[in-house]
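Here is a walk through the model, strand by strand, with the sequence and the fold side by side. Keep both open as you read.

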Amino acid sequence: QVQLVQSGGGLVQAGDSLRPSCAANGLTFTWYVMAWFRQAPGKEREFVSAISQSGGLTRYADSVKGRFTNSRDNAKNMVYLQMNTLEAEDTAVYYCAAGTGAMPVVKDRYVYWGQGTQVTVSS
């Protein structure tokens, strides 16, 4: 059974940092692109970042470029999202996801999803 188990959200102030993580179980981790999406109240789930199977390539939404860093540890089946200089607009539930293809930004391309972790940034 495939599980993506997330941790590391929380409540912080604007300008602070957080590093949510995602542990993947029950799948061949190196077969999958890993991505982060987020969903704010009343909004669609949106792409944040993706990382290639090897970790050598990353892709970011314009809104987080330069502030967020996506990384993975294939020896531990883990993926991380280092979020720096957080803004109130980053407040959302963050989801990790596993999929295939060339780091797609469309959520329908991702097969497995984590349970989500709340990130709240106060201004």
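## Around Ser21

Ser21 keeps company from several stretches of the chain: beyond neighbours within four places in sequence, its contacts are Val5, Gln6, Ser7, Trp36, Met78, Val79 and Tyr80. Keep in mind that this is a predicted model. Ser21 sits in strand E3, and its relative accessibility is 11%, so it counts as buried, the cut-off being under 20%.

## The disulfide

What is the disulfide count here? The tally is 1 disulfide, formed by Cys22 and Cys96 with their sulfur atoms 2.1 Å apart. Cys22 belongs to strand E3 (residues 21–25) and Cys96 to strand E9, so this pair ties together parts that lie 74 residues apart in sequence. As a reminder, a disulfide is a covalent bond between the sulfur atoms of two cysteines.

Are Cys22 and Cys96 buried or exposed? Both are buried. The S-S torsion for Cys22 and Cys96 is about 55 degrees, so the disulfide is right-handed.

## Strand E9 and its partners

Now for the strand that holds Cys96. E9 covers residues 92–99, and 7 of its 8 residues are buried, so "mostly covered" is a fair label under the 20% cut-off. Strand E4 (residues 33–39) pairs with E9 in the antiparallel sense, over 7 bridges. One of the matched pairs there is Val33 with Gly99.

E9 also has antiparallel links to two further strands. Strand E10 (residues 110–113) is joined to E9 by 3 bridges, with Trp113 of E10 as the bridge partner of Ala97. Strand E11 (residues 117–122) is likewise joined to E9 by 3 bridges, and there Thr117 stands opposite Tyr94. When you trace side chains along these strands, remember the general rule: in a regular strand the side chains alternate between the two faces of the sheet.

## From E4 through E5 to E6

E4 has another antiparallel partner in E5, with 5 bridges between them. Trp36, already met as a contact of Ser21, stands opposite Ser49 in E5. The two strands E4 and E5 make a hairpin with 6 residues between them, and Gly42 in that turn has a positive phi of about 75 degrees.

E5 in turn is joined to strand E6 (residues 58–60) by 3 bridges, again antiparallel. Ser49 turns up here too, standing opposite Tyr60 in E6. The hairpin of E5 and E6 has 6 residues between its strands, with Gly55 at a positive phi near 90 degrees. How much of E5 is buried? The count is 5 of its 6 residues, so E5 is largely enclosed by the rest of the structure.

## The nonpolar core

Which residues touch the most other members of the largest nonpolar core? They are Met34, Phe68, Met83 and Tyr94, in a core of 35 residues. E3, E4, E5 (46–51), strand E8 (78–83), E9 and E11 each put in at least two residues. In general terms, nonpolar side chains tend to be buried together in soluble globular proteins.

Phe68 is a handy place to look at this up close. Leaving out neighbours within four places in sequence, Phe68 contacts Arg38, Val48, Tyr60, Leu81, Gln82, Met83, Asn84, Leu86, Asp90 and Tyr94. Met83 and Tyr94 from that list are also among the core members named above. Tyr60 is the residue that faces Ser49 across the E5 and E6 pairing.

## The whole chain

Stepping back, the protein chain has 0 helices and 11 strands. A compact globule of 123 residues would have a radius of gyration near 14 Å, and the 13 Å of this chain agrees with that. The C-alpha trace spans about 40 × 25 × 25 Å along its principal axes.

Buried residues account for 43% of the 123 in the chain. Among contacts between residues at least 6 apart in sequence, 57% join residues at least 24 apart. The accessible surface of the chain is about 6200 Å², and carbon and sulfur atoms make up 47% of that.

Technical notes:
Residues are numbered from 1 along each chain as its sequence is written. This is a predicted model: local features need pLDDT of at least 70, side-chain atom pairs count only at pLDDT 80 or more; totals for chains, interfaces and linings use all residues. Side-chain values use heavy atoms; hydrogens and water are left out. Buried means under 20% relative accessible area, exposed over 50%, partly exposed in between (1.4 Å probe, protein chains only). Helices (H or I, at least four residues) and strands (E, at least two) are DSSP runs, numbered from the N terminus. Two strands pair if DSSP finds at least two bridges between them. A disulfide is a pair of cysteine sulfur atoms within 2.5 Å. The radius of gyration is taken over C-alpha atoms; the globule rule is 2.2 Å times the number of residues to the power 0.38. Contact means heavy atoms within 4.5 Å. Accessible areas come from the Shrake-Rupley method with a 1.4 Å probe; for residues, only the protein chains shown count as cover. A nonpolar core is a set of buried Ala, Val, Leu, Ile, Met, Phe, Trp, Tyr and Cys residues joined through side-chain atoms within 4.5 Å.
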